[in-house]
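Visitor: I am new to this structure. Please give me a close look at a single part.

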Amino acid sequence: MPRIIKKDQIVEDTWVQVGASEPFPEGDILVSLERWQAEQETLQAHAGRVGLCLIGKDNPRELKGLLDQFALIAVEFPKFADGRGYSIARILRDELGYKGELRATGDILRDQLFYLMRCGFDAFAVREDRDIEDALAGLRDFSVVYQAASDYTSPIYRRFGRTGA
Amino acid sequence: MYQYNELDQQIVDERVRQFRDQVQRRLTGKLSEDEFRPLRLMNGLYMQRHAYMLRVAVPYGLLSSQQLRKLGYIAERYDRGFGHFTTRQNIQYNWPELEDVPDILAELASVEMHAIQTSGNCIRNITADPLAGVAADEIEDPRPYCELLRQYSTFHPEFSYLPRKFKIAVTGATQDRAAVAFHDIGVRMVKNEEGEVGYQVIVGGGLGRTPVIGEVIRPFLEKPHLLSYVEAIMRVYNLYGNRDNKYKARIKILVRELGIEEFRRQVEEEWEHFREGAMMVPEEEIARLQSFFPSPDYASDAADDRSFEAHAAENKKFARWLKNNVSAHKVPGYNVVSISLKIPGTPPGDITDQQMYALADLADQYSFGMISATHEQNLVLQDIKNADLFAVWQALEPLKLAWPNIGTLTDQICCPGLDYCSLANASSIPIAESIAQRFDDLDYLYDLGELKLKMSGCINACGHHHVGHIGILGIDKRGQEFYQIMLGGSAMDDASLGQWLGPAIARDEILGAVERLLEAYLVHREEGERFLETYRRLGPEPFKEKVYAQNH
Ligand code: SF4
């Protein structure tokens, strides 16, 4: 069973990602937004849990009001340099109030994990050819941050009473 | 200037630790070069033709004497005794060894400096008016807002993997010395009809392969909204900027494709989601940042001293320097002294370790310990008293830092070109040097008047050739170095893009072509007319005729 990082721990992953035309297997499944929109009826009858897997061009605002249905939303990073998923995560968390598991998948490396976490991801499926323990260490690269994001809703000057010169 | 507190310091220290670990993993082979590349690029470490190049951030161009001394020390200890100031007010080292870079970053951190986000597809160093704080035409000192943006953009979790690099410039003056129309975002402090100070926000400007003059997205933005508005622009760009073709990935292309109206609509819709929230900058934070940039202790009687006049009457060299490199300051009796780094015989923007040490001392002695870097690759001592002008000149002269060519033809901007850059098609530094040598007669230069010559070694336009009064672009023509000339560009308030003059010119003829351009100008100019104005009045024909007529 593949291992992922979830809430700072390495755990085994039970979810199965379903491709574009594969039949739905049993258990917890992860489907694309496209399939979820097209095959709602079948999915509602599915015995296991259903999670969504978003890609860069998906508009998370289409899910407004529907997010309670998902125990898991994954955002796919086809290349680490494609940073759209960071904004998708912040819209899901900060604007739409999504509370379930938010998982980054795809080409994510140790050095992105800290940023991903700050944008609201709490689970990371690191590429299989990477050292997952090493990646976990990336979450602790920095202890101070300036901006407000999904982890801190206030920027540094609100979090700390800072004084002038 | 801004001083780090323990939190700011912790951030740069942790960054050094992180990079030390990454370099270690690279050196022991745990990271391949492919894997290491994005990590080093986040720290301004590029691979050039012969060696690594490290680009160090100089936030909004402002340096303390202590920092400049440290930059000199790094040049001496880790490089070949010099550094290179860039068009984005940063400094580059051309010869560091990879294993030394973590130590260099630690040296920088010890004086509150870093190389964070000086490369990569993220928000780059914030640039500003080099006369910030002393310009007579200033509405408000922009530096506190630059610092606000610096902190906001440092390790921004959402915007560190943008479609492409992102540059922001800020000015607080009515005259634009920061080229705000040629940045991804340009911020201009303005007063509205009620007399309140806020920001005019410009978006989508830039040079590179597709030069574009930015457009105003919001004519007046209230002060507390600076960060939320920038965030809205960034988010729209991050989600919808082109990621398939890197030459179409800058925000200017997105703005152009959507049109400014539609782009504005999308930004303001995004902005609605968080404009009134935690991102509003409280007045106390602005006041806190402002407290780091107090007006120095100016002497009230500085204007009484006119001793420089007598010196100028006796000393022609000093008089020239005074006339050309010294400009007005907002406080009577004080002067802005520009230091040209376009010294004949050295590449534009280069400065030695010894010059840095000496300048740091001069800043301490005469200019409240501060120096600023300009986007024209020069340095500025901002606060020189009338009484000290002659002494400062006497000190600069033997350092070769009193060359009085500011604003003239040989105060040229030039990218590294073939000498260092692996993308170059042609040399630029040797051409700049030959121009500096050929036109070393100061009286001739002064007669030519204000002239901006800008040169790039390939179409990426790091030398900003599109906005030179004379722009020169190096190209490769069947393995030979050729140069295209463009005329009529400007990066100032009268922003314009230059126009191509005609066919490319061979390397050994480019100097002659520049000579003939200047001759054409001298023949056709009217009383008091600058090169740019003559060109704008007459168009390219007379210049074209002169340059190409003798080519046959
Ligand atoms: S303009 Fe071209 S040659 Fe010059 S520094 Fe930029 S990329 Fe290199």
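What covers the buried residues of α14(B)?

Guide: This is a predicted model, where local features need pLDDT of at least 70, side-chain atom pairs count only at pLDDT 80 or more, totals for chains, interfaces and linings use all residues, and side-chain values use heavy atoms, without hydrogens and water. Residues are numbered from 1 along each chain as written, while chains are lettered from A and ligands numbered from 1 in written order.

Start with the cover. It includes strands β16 (413–414), β17 (453–456), β18 (470–477) and β19 (480–487), plus helix α16 (510–524), of chain B. Contact here means heavy atoms within 4.5 Å. Helices (H or I, at least four residues) and strands (E, at least two) are DSSP runs numbered from the N terminus.

Now the helix. α14 spans residues 429–438 of chain B, and its buried residues are B:I429, B:I431, B:A432, B:I435 and B:A436. They lie on the same side of α14(B), because their arc around the axis is only 160°. That arc is taken from the directions from the helix axis to the C-beta atoms. Buried means under 20% relative accessible area, exposed over 50%, partly exposed in between (1.4 Å probe, protein chains only).

Next, a sheet in chain B. Its 5 strands run in the order β3-β14-β15-β12-β11, open and antiparallel. The edges are β3 (62–64) and β11 (326–328), each paired on one side only. Neighbouring strands are turned by 35° on average, direction ignored. Axes are lines fitted to C-alpha atoms, for helices over the stretch in contact; angles run from 0 to 180 degrees between N-to-C directions. Helix α3 (65–78) of chain B packs on this sheet. It touches β3 and β14 (370–373), and makes about 90° with β3(B).

Look at β14(B). Side chains in a regular strand alternate between the two faces of the sheet. B:M370 and B:S372 are buried on one side of β14(B), B:I371 and B:A373 on the other. Strands pair if DSSP finds at least two bridges between them. β14(B) shares 3 bridges with β3(B), antiparallel, and 2 with β15(B), also antiparallel. B:S372 stands opposite B:L62, and its bridge partner in β15(B) is B:V380. β14(B) and β15(B) form a hairpin with 5 residues between them. In the turn, B:Q377 has a positive phi of about 65°.

Further along, β15 (379–385) pairs with β12 (334–339) of chain B over 5 antiparallel bridges. Here B:N335 is matched with B:I384.
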